[in-house]
Amino acid sequence: ARRARVRRHAAQLRRVRSRAFDGWARRCREVRQERKRVLLRLRLEQLSRRRSQALLACCFAEIRRFALQRRHKSNMAEEHRQLVAAEDELLYLYTEIERVTLLLQRELADREELAMQLRTVYGAMRTKIMNGEESSCGGGVGGGYSARAAYAHQHSRSHAHGGRTVAAYASTTAVRG
């Protein structure tokens, strides 16, 4: 029985020692891990102190790059809006130029037609003067218009520019006889 007691006592002692050793080993591991954490934190602090300026410069460079990109995008958008506005204005000006060109071409055609009619009237008047016919028409001494006005009156028609007729143009330039 004594042996059994000694065995039980030895087993209890081993269990106590084992628990104590396990607790001590656990505590040692915890202390080592805590030391590692402290050392790691100290190293990081040292590195951050050494590299803080470089890190700060890097951060500011990245912020600046982002700001420049953003400004560039907004400038591009503004330039695109200006380009679209300029294209619209250019298109409007082209249509205005086209309209004015057509108007000038019509006016030129009207003037050419008027010049042709005036040549015809002037030629007819010269022929009458050369043949000795009377140059005034329609009513005796001082009562009528010249041959040019009479011809223009017979062949009057409206023109696009200003609504003036050939007769009106001829009557403004006609000399009373």
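In the predicted model, a nonpolar surface patch of about 240 Å² is made by Val38, Leu39 and Leu42. Val38 is placed in helix H1, which spans residues 2-130. The relative accessible area of Val38 is 31%, and the residue is therefore classed as partly exposed. Membership of a patch requires over 30% relative accessible area, a condition that Val38 meets at 31%.

A second patch on the surface is positive in charge and consists of Arg26, Arg29, Arg32, Arg35 and Lys36. One of these residues, Arg32, is found in helix H1. Residues that take part in a salt bridge are not admitted to a patch. Arg27 and Arg37 each form a salt bridge, Arg27 with Glu30 and Arg37 with Glu34.

With regard to aromatic contacts, a search of the whole structure returned one aromatic pair. This pair is formed by Phe21 and Trp24, with a centre-to-centre distance of 5.7 Å and an angle of 35° between the planes, and its geometry is tilted. The tilted class applies because planes under 30 degrees apart count as stacked and those over 60 as edge-to-face, with the rest counted as tilted. Phe21 and Trp24 are three residues apart in helix H1, so about one helical turn separates them. Trp24 has a relative accessible area of 53% and is therefore exposed, the cut-off for this class being over 50%.

Charged side chains also pair within the model. In general, side chains of opposite charge can pair when their charged atoms come close. The structure holds six salt bridges, among them Arg27 with Glu30, Arg37 with Glu34 and Arg65 with Glu62.

In the bridge between Arg27 and Glu30, the closest N and O atoms are 3.7 Å apart; the cut-off for a salt bridge is 4 Å. Both residues, Arg27 and Glu30, lie in helix H1 at a spacing of three residues, about one turn of the helix. Arg27 is exposed, with a relative accessible area of 52%, whereas Glu30 is partly exposed at 40%.

For Arg37 and Glu34, the closest N and O atoms are 3.1 Å apart. These two residues are likewise located in helix H1, three residues apart, or about one turn of the helix. Arg37 is partly exposed, its relative accessible area being 48%. Glu34 is also partly exposed, at 37%.

The salt bridge between Arg65 and Glu62 has its closest N and O atoms 2.3 Å apart. Arg65 and Glu62 both belong to helix H1, where three residues, about one turn of the helix, set them apart. Arg65 counts as partly exposed at 39% relative accessibility, and Glu62 is partly exposed with a relative accessible area of 40%.

At the level of the whole chain, the protein contains three helices and two strands. Along the sequence these elements follow the pattern α-β-β-α-α. The protein has 177 residues, of which 10% count as buried, a class reserved for residues under 20% relative accessible area.

How values were computed:
Residues numbered from 1 in each chain as written. Predicted model: local features only at pLDDT ≥ 70, side-chain atom pairs only at ≥ 80, totals over all residues. Heavy atoms only, no water. Patch = residues over 30% accessible without salt bridge, like charges linked within 9 Å, V, L, I, M, F, W, Y side chains within 5 Å. Areas by Shrake-Rupley, 256 points an atom, 1.4 Å probe, with all protein chains shown as cover. Salt bridge = Lys/Arg side-chain N within 4 Å of Asp/Glu carboxyl O. Helix = DSSP H or I, 4+ residues; strand = E, 2+ residues; numbered from the N terminus. Buried < 20%, exposed > 50% of the residue type's maximum accessible area, 1.4 Å probe, protein only. Lys, Arg positive; Asp, Glu negative; His and termini not counted. Charge placed at Lys NZ, Arg CZ, Asp CG, Glu CD. Phe/Tyr/Trp six-rings, centres within 6.5 Å; stacked < 30°, edge-to-face > 60°.
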